[in-house]
Amino acid sequence: MASVLFCSLFAGNRGALPALWLLLAMLGLGGCASDRTLSRAPATPPDTVATSDTAARLWQVFERYEGTPYRYGGTDGGGFDCSGFIMTAYREGLDRLLPRTTDQMLAMGDVVPLDQIRPGDLVFFRIEGKDQHAGIYMGDERFIHASSSVGVTESRLDGYYWRDRYSQARRFDH
């Protein structure tokens, strides 16, 4: 069919323009007819979960809320901010109460060097000159958090956006 259209275009055939549009439409729609699905791969816990009861319980909370939208001040399934998600994850997964805000969390807990963090530790990030975002480290350079752009999600400490913004980690005796 393409050879007929090609010949029509260059042989001066008056029907060439509609034929060209037909070819372009077929090529464009052919890309839409892919048999691949674009479904997101299910989240899988890091390898360290197998050896960490803390991480396994936090991972269950994450799976329950993954994709929940970001909502400033949010602390429930209707929406979370970063500290609201952490507070809820610790309460539901570990039966522990943590402070409500990032600033309050920064004032508590024990500082942990980056090379000694373990699943369940909180990781903090400096944005616009202030420690204002936090997540829960899950092992294998991964952390879970409530992102203002995508809601409750998993990210990598060494990821493009986060690696230069990492500030500190804190442990809350888990």
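What follows is a short conversation about salt bridges in this structure.

Trainee: What kind of model is this, and how are its residues numbered?
Mentor: This is a predicted model, where local features need pLDDT of at least 70, side-chain atom pairs count only at pLDDT 80 or more, and totals for chains, interfaces and linings use all residues. Side-chain values use heavy atoms, with hydrogens and water left out, and residues are numbered along each chain as its sequence is written, from 1.

Trainee: How many salt bridges are there?
Mentor: Side chains of opposite charge can pair when their charged atoms come close. A salt bridge here is a side-chain nitrogen of Lys or Arg within 4 Å of a carboxyl oxygen of Asp or Glu. By this rule, the count is 10.

Trainee: Which residue forms a salt bridge with Asp 158?
Mentor: Asp 158 is partly exposed (between buried, under 20% relative accessible area, and exposed, over 50%, with a 1.4 Å probe and protein chains only). Its relative accessible area is 36%. At a closest N and O distance of 2.9 Å, the partner is Arg 156.

Trainee: How far apart are the closest N and O atoms of Asp 76 and Arg 71?
Mentor: Both ends are partly exposed, Asp 76 at 38% and Arg 71 at 37%. The two form a salt bridge, and their closest N and O atoms are apart by 3.8 Å.

Trainee: What is the relative accessibility of Glu 92?
Mentor: Glu 92 forms a salt bridge with Arg 91, with the closest N and O atoms 3.9 Å apart. Arg 91 is partly exposed at 35%. Glu 92 also counts as partly exposed, at 33%.
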